[in-house]
Amino acid sequence: MTYKKERVIEGKTPDAEKTASAEKTAGPKKRSKRRSVPEANVYIQAGYNNTIVSIAEQNGNILCWSSSGACGFKGTRKSTPYAGQVAAETAAGKAKNYGVEKVHVFIQGAGPGREQCLRGLVSSGLSIESI
């Protein structure tokens, strides 16, 4: 039988070396500031193949987004009104984490999910100020 020799450097075992190096690299964790945005803009891009819903701050910084494809719809089902509604509800749910309550809606495109996106936003509890 052969035995491994433990490597000892300045009185430290290999396990102690690992923990010592881990202690050096780990610094204090920074707390991220949670943004509170009571009013936001919703941009709906209703194409023939997909519907994309983006929610941004008043100055244009994107808070969250969702699309029919990101919600799990594939192929021709992405271009249905129901897929657009689900995308809007998903984006609205993410926006509520930022405290969004009132929205101004901007719609582009002539896709089938155009009207249902508005219904999805209302059903999620967001108040639509303007379209």
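Student: In this predicted model, which residues of helix α3 are buried?

Tutor: Helix α3 spans residues 114–123, and its buried residues are Gln116, Cys117, Leu118, Gly120 and Leu121.

Student: What covers the buried residues of α3?

Tutor: The cover includes strands β1 (39–46), β2 (51–56), β4 (102–108) and β5 (127–130), along with helix α2 (81–96). Just past the end of α3, glycine 125 has a positive phi of about 100°.

Student: Why is cysteine 64 called buried?

Tutor: Buried means under 20% relative accessible area. Cysteine 64 comes in at 6%, so it's buried.

Student: And what makes cysteine 71 partly exposed?

Tutor: Partly exposed runs between the 20% and 50% cut-offs. Cysteine 71 has a relative accessible area of 25%, so partly exposed is the right label.

Student: How many disulfides does the structure hold?

Tutor: There are 0.

Student: How do you know that cysteine 71 is in no disulfide?

Tutor: A disulfide needs two cysteine sulfur atoms within 2.5 Å. For cysteine 71, the nearest cysteine sulfur belongs to cysteine 117 and lies 9.9 Å away, so the pair doesn't meet that cut-off.

Student: Which residues have the most contacts inside the largest nonpolar core?

Tutor: Those are Val42, Ile55, Val100 and Leu121, in a core of 21 residues. Two or more core residues come from each of β1, β2, β3 (62–67), α2, β4 and α3, and α2 gives the largest share, with 5 residues.

Student: What does valine 100 touch?

Tutor: Leaving out residues up to four places away in sequence, valine 100 touches Val37, Pro38, Ala40, Leu63, Ala95 and Leu126.

Methods. Residues are numbered from 1 along each chain as its sequence is written. This is a predicted model: local features need pLDDT of at least 70, side-chain atom pairs count only at pLDDT 80 or more; totals for chains, interfaces and linings use all residues. Side-chain values use heavy atoms; hydrogens and water are left out. Buried means under 20% relative accessible area, exposed over 50%, partly exposed in between (1.4 Å probe, protein chains only). Helices (H or I, at least four residues) and strands (E, at least two) are DSSP runs, numbered from the N terminus. Contact means heavy atoms within 4.5 Å. A nonpolar core is a set of buried Ala, Val, Leu, Ile, Met, Phe, Trp, Tyr and Cys residues joined through side-chain atoms within 4.5 Å.
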